[in-house]
Amino acid sequence: MRGARRGFILPVVLAAIVALGLLSGLALFDAVQEWRVASLADDRALARAALLEGLDAVARPPALAALCVSPPLAAQSGEGSAAGGGRWQVRWQHVGEGLVRAEVTGRGRTGAASRALALVVPDSVARVSGLLQCATATRLVPAGAGWIEAHPEG
């Protein structure tokens, strides 16, 4: 009678170990995926925070008087580090008649980006010989109610 049930326990134990190993492997895979998604969301939040710090810098281009008389293709840029670990960059382009287009980009640590477009004007302008100049301007101010919007590409 002993010979009829020989080797019954060992296959059951091995099958249980394989099943538990498979379940733990799937759980580990799921945890790694969730960690990855959370880290990407964290980097996106850092990029957004860097964007907001870059928006503070929109009012202060490097050479405001030169920006007011520059052609639209000549852009000025500035960049800096954000408090959370990201970086921000601002590009100013004079569109015409004192209107300046500022493109602000905030980047996270691992490459997430958040961008916005702002339309601003100098705080004081003057026409000299038919040309618009802002030699006495100290900063840029919002150009109206809808002066800032999210960039279409994010």
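Leu 14 counts as partly exposed because its relative accessibility is 48%, where partly exposed covers the range between buried (under 20% relative accessible area) and exposed (over 50%), with a 1.4 Å probe and protein chains only. Leu 14 is found in helix α1, which spans residues 9–56; helices (H or I, at least four residues) and strands (E, at least two) are DSSP runs, numbered from the N terminus. The model is predicted, so local features need pLDDT of at least 70 and side-chain atom pairs count only at pLDDT 80 or more, while totals for chains, interfaces and linings use all residues. Residues are numbered from 1 along each chain as its sequence is written, and side-chain values use heavy atoms, with hydrogens and water left out.

**The nonpolar patch**

- Leu 14 belongs to a nonpolar patch on the surface, together with Phe 8, Ile 9, Leu 10, Val 12, Val 13 and Ile 17.
- Together, the residues of this patch have about 710 Å² of accessible area, a value that comes from the Shrake-Rupley method with a 1.4 Å probe, where for residues only the protein chains shown count as cover.
- Patches are made of residues with over 30% relative accessible area and no salt bridge, with like charges joined within 9 Å and nonpolar side chains (Val, Leu, Ile, Met, Phe, Trp, Tyr) within 5 Å.

**The disulfide**

- A search of the whole structure finds one disulfide, a term that stands for a pair of cysteine sulfur atoms within 2.5 Å.
- This disulfide joins Cys 68 to Cys 134, with 1.7 Å from S to S, and the link is right-handed, with 105 degrees about the S-S bond.
- The pair links distant parts of the chain, 66 residues apart, with Cys 68 in helix α2 (residues 64–68) and Cys 134 in the loop between β6 (131–133) and β7 (140–142).
- Cys 68 and Cys 134 are both buried.

**Strands β1 and β2**

- The side chains alternate along strand β1 (residues 75–81): Gln 76, Gly 78 and Gly 80 point to one face and are buried, whereas Ala 75, Ser 77, Glu 79 and Ser 81 point to the other face and are not buried.
- Gln 76 counts as buried because its relative accessibility is 15%, whereas Ser 77 is partly exposed because its relative accessible area is 46%.
- Strand β1 is joined by seven bridges to strand β2 (residues 87–96), and the two strands run antiparallel; strands pair if DSSP finds at least two bridges between them.
- The bridge partner of Gly 78 in β2 is Val 90.
- The hairpin of β1 and β2 has five residues between the strands, and in this hairpin Gly 85 takes a positive phi near 115 degrees.

**Salt bridges**

- The count of salt bridges comes to three, where a salt bridge is a side-chain nitrogen of Lys or Arg within 4 Å of a carboxyl oxygen of Asp or Glu.
- One of them is formed by the side chains of Arg 87 and Glu 79, at 3.4 Å from N to O.
- Arg 87 counts as partly exposed because its relative accessibility is 38%, while Glu 79 counts as exposed because its relative accessibility is 53%.
- Glu 103 meets Arg 101 in a salt bridge at 3.7 Å, N to O, and Glu 103 also meets Arg 115 in a salt bridge at 3.8 Å, N to O.
- The pair of Glu 103 and Arg 115 links distant parts of the chain, twelve residues apart, with Glu 103 in strand β3 (residues 99–107) and Arg 115 in strand β4 (residues 113–122).
- Arg 101, Glu 103 and Arg 115 are thus linked in a network of salt bridges.
- Within this network, Glu 103 counts as buried because its relative accessibility is 17%, while Arg 101 is partly exposed, with a relative accessible area of 27%, and Arg 115 counts as partly exposed at 21% relative accessibility.
- Glu 103 and Ser 77 are 26 residues apart in sequence and 9.4 Å apart in space, C-alpha to C-alpha.

**Contacts between side chains and the backbone**

- A polar atom of the side chain of Gln 76 lies 2.8 Å from the backbone oxygen of Ala 63; a polar contact is a pair of N or O atoms within 3.5 Å, and within protein one must be able to donate a hydrogen and the other to accept it, while residues adjacent in sequence count only if both atoms are side-chain atoms.
- His 94 is found in strand β2 and is buried because its relative accessible area is 8%.
- The side chain of His 94 reaches the backbone oxygen of Ser 70 at 3.3 Å, and a polar atom of this side chain lies 3.2 Å from the backbone nitrogen of Gly 98.
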